[in-house]
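Colleague: I'm new to reading structures and the vocabulary keeps tripping me up. Could we go through one together, with me asking where each word comes from?

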Amino acid sequence: MKRIIYIVLFISLGFAGCEKYLDQAPDQRSELTSPEKVSQLLVSAYPQNAYMVFTESISDNSDDKGAGEIGVENHDPYFFQDLQTQSDDTPDNYWRACYKAIAATNVALDAIEKAPDPQRYTAQRGEALLARAYSHFMLVSLFAKTYDETTASSDLGIPYVTEPETEVIKQYDRSTVANVYKKIEEDLKAGLPLLQNQYKSPKYHFTTAAAHAFAARFYLFKKEYQKVIEHANKAFPGTTIQNNLRPVNSTYRQMNDAEARAQLNNQASLSANLLLAEQFSLYGYYNIYARYRYGPSNDILYSTVYAANASGAPWAWSSMVVQYSANDPFLAKYGTRMKLASLNANYGDAYCISPLLTTDELLFNRAEASVMTGNFSAAITDLNMFLSQNIEGYDAGPDNLTEEKVKEFYETDDTKEALIKTILDFKRTAFLHEGMRWFDILRHKLTVVHRTVDGQEMTLGPDDPRRVFQLPVEVQSAGLVLNPR
């Protein structure tokens with residue numbers, strides 16, 4: 001057992017990176033004596049476990065396919081059951097991964113504060129603050145109620161940890177969602193101006209563009225829509241965002257090898273990827289995300305990738321669907337990756353390279369914010385940019401959206417309603433397999449209905465407490481109250 005951190009929030013600090021620092025008491029952390037060494041520590045400042053399995057399984061992107069791989073990480077969320085195990089791809093493990101990342105940021109910030117020349121660490125301080133804000137934001141989004149201005153001051157939040165751990169068992173306060181959001185915003189605002197973009201591998205760190213994309217996501221949840229637009233514009237001034245979207249109907253479409261497409265999808269060379277993380281996960285291991293019993297069936301594909309959309313033209317993804325077996329369709333997004341146990345080993349730990357922030361999401365966030373501020377034409381412009389990269393054989397004339405076109409498609413006279421539905425449907429298709437749909441379900445209070453092959457039906461309504469993932473049981477020893485059930 002480690003000497004500090006962890007009985008409660010930081011269980012299983014087992015991966016390389018910040019481990020050698022966190023094994024030591026604060027006065028022994030003599031290694032952190034230069035900006036370069038602090039930067040090395042900050043490689044561990046991002047969650048090294050993934051949320052895609054459980055957020056995708058609990059969403060309306062999953063069906064009971066009747067057969068396939070069955071793991072609790074896939075089964076229990078589909079049945080809206082609390083999943084409490086320490087294995088990869090579970091809420092408990094993601095909780096630990098986020099707090100482990102937070103621990104690294106706090107050790108880095110502490111070292112910077114104690115340095116004789118802290119002005120040399122400006123960029124490292126900025127990255128640490130942004131990374132700390134990101135992990136806390138993901139935790140509060142999954143393990144607390146979604147931000148609602150009218151209830152946030154009383155809704156239970158998650159511990160916002162800002163100091164290195166020096167006690168074996170420490171009591172924590174969940175505080176409130178409002179207070180967590182306040183601290184996230186403080187870290188975001190303090191960190192963003194300090195970033196200098198001087199990284200050898202920039203896609204694995206908070207660059208200025210990634211930080212603005214995170215800020216746009218944060219303010220979308222907070223419903224401060226003008227700030228969403230402002231940060232999106234700062235990330236990609238003018239129309240440059242269009243050239244940085246996923247090139248689905250061009251580069252992707254021209255690739256005949258699905259595995260190569262999957263590898264490209266999460267590569268640092270792809271300009272659409274703004275922030276990447278290596279995460280221990282089986283999700284991409286020989287396409288297990290297609291082989292899970294509870295996941296996208298042919299019916300799900302026919303309601304997303306193959307479905308008609310408001311543009312009237314087919315999605316480019318529809319010609320790239322891979323059929324693992326009769327009812328196991330998938331889009332090639334996660335390749336098989338393995339960290340070998342040694343140079344000569346043929347075994348090791350499976351992992352994914354996961355896009356934590358993308359240009360495509362940023363574009364959708366700006367479009368939604370424009371709708372909510374009444375600027376429908378700006379939203380349509382953004383959506384047409386997305387179509388230009390995602391429609392098979394795109395032709396701007398017949399394929400672009402108009403207000404009349406979206407209202408006719410959704411059979412409503414309300415332009416705002418039609419555009420929001422357009423955005424949500426486009427996003428659902430664009431981010432299939434990526435776990436992102438769950439966050440839209442939360443924000444827009446959408447109902448999820450799951451059915452089993454033997455006729456059982458389960459409904460997760462807008463006010464169902466099971467929409468908030470349960471905290472790990474062991475955190476009760478830290479004085480934390482579990483989520484209501």
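## How do you know?

Modeller: Let's begin with helix α14, which is mostly covered: 13 of its 14 residues are buried. Keep in mind that this is a predicted model.

Colleague: What makes a residue "buried"?

Modeller: The cut-off is under 20% relative accessible area. Take L442, which sits in helix α19. Its relative accessibility is 8%, so L442 counts as buried. T55, found in helix α3, has 0% relative accessibility, so T55 counts as buried too.

Colleague: What does L442 touch, leaving aside its neighbours within four places in sequence?

Modeller: L442 is in contact with S141, T146 and R467. Contact here means heavy atoms within 4.5 Å. There's also a C-alpha distance to look at: L442 and V468 are 26 residues apart along the chain, and their C-alpha atoms are separated by 9.2 Å.

Colleague: And what about T55, not counting residues up to four places away in sequence?

Modeller: T55 touches L142, G435, W438 and F469.

Colleague: What makes the link between the side chain of T55 and the backbone oxygen of Y51 a polar contact?

Modeller: The distance is 2.9 Å, and the cut-off for such a pair of N or O atoms is within 3.5 Å, so the pair passes on distance.

Colleague: Y51 again! How do you know what kind of ring pair Y51 and F439 make?

Modeller: A pair of aromatic rings is described by the distance of the centres and the angle of the planes. For Y51 and F439 the centres are 5.6 Å apart and the planes are at 90°. Rings pair if their centres lie within 6.5 Å, and planes over 60 degrees apart count as edge-to-face, so this pair is edge-to-face. Both Y51 and F439 are buried. A search of the whole structure finds 34 aromatic pairs.

Colleague: Why do you say the pair ties parts together?

Modeller: Y51 lies in the loop between α2 and α3, while F439 is in helix α19, so the pair ties together parts that are 388 residues apart in sequence.

Colleague: Which residues form one aromatic cluster?

Modeller: Among them are Y134, F137, F206 and F214. F214 touches L130, A133, Y134, F137, I184, L188, F206 and L357, not counting residues up to four places away in sequence.

Colleague: Which residues have the most contacts inside the largest nonpolar core?

Modeller: They are W95, L142, I184, F206, F214 and W438, and that core has 117 residues. Helix α6 gives the most to this core, with 12 residues. A second, separate core has 14 residues, including L264, L270, I300 and L432.

Colleague: Back to helices. How do you know whether the length of α18 agrees with what a helix should span?

Modeller: We work with 1.5 Å a residue. The 16 residues of α18 should span 22 Å, and its end C-alpha atoms are 22 Å apart, which agrees. For α14, with its 14 residues, the reach from first C-alpha to last is 20 Å, close to the 20 Å expected.

Colleague: What makes D414 a cap for α18?

Modeller: A side-chain oxygen of D414 lies 3.0 Å from the backbone nitrogen of K416, at the N-terminal end of α18. Set that against the within 3.5 Å cut-off, and the distance fits a polar contact.

Colleague: Is α18 covered or open, and what lies over it?

Modeller: α18 is mostly covered, with 12 of its 16 residues buried. What covers those buried residues includes α13, α14, α15, α17 and α19.

Colleague: Now strands. Why is β2 called largely enclosed?

Modeller: 7 of the 8 residues of β2 are buried, so the rest of the structure largely encloses this strand. β2 and β7 run antiparallel, joined by 7 bridges. Strands pair if there are at least two bridges between them, so these count as a pair. For L276, the bridge partner in β7 is P355.

Colleague: And what makes the side chains along β9 "alternate"?

Modeller: M458 and L460 point to one face and are buried, while E457 and T459 point to the other and are not. β9 pairs with β8 in the antiparallel sense over 4 bridges, and H450 has M458 as its bridge partner in β9. Their hairpin has 5 residues between the strands, and G455 there takes a positive phi near 100°.

Definitions and conventions: Residues are numbered from 1 along each chain as its sequence is written. This is a predicted model: local features need pLDDT of at least 70, side-chain atom pairs count only at pLDDT 80 or more; totals for chains, interfaces and linings use all residues. Side-chain values use heavy atoms; hydrogens and water are left out. Buried means under 20% relative accessible area, exposed over 50%, partly exposed in between (1.4 Å probe, protein chains only). The expected span of a helix is 1.5 Å times one less than its number of residues. A polar contact is a pair of N or O atoms within 3.5 Å; within protein, one must be able to donate a hydrogen and the other to accept it, and residues adjacent in sequence count only if both atoms are side-chain atoms. A nonpolar core is a set of buried Ala, Val, Leu, Ile, Met, Phe, Trp, Tyr and Cys residues joined through side-chain atoms within 4.5 Å. Rings of Phe, Tyr and Trp (its six-membered ring) pair if their centres lie within 6.5 Å; planes under 30 degrees apart count as stacked, over 60 as edge-to-face and the rest as tilted.
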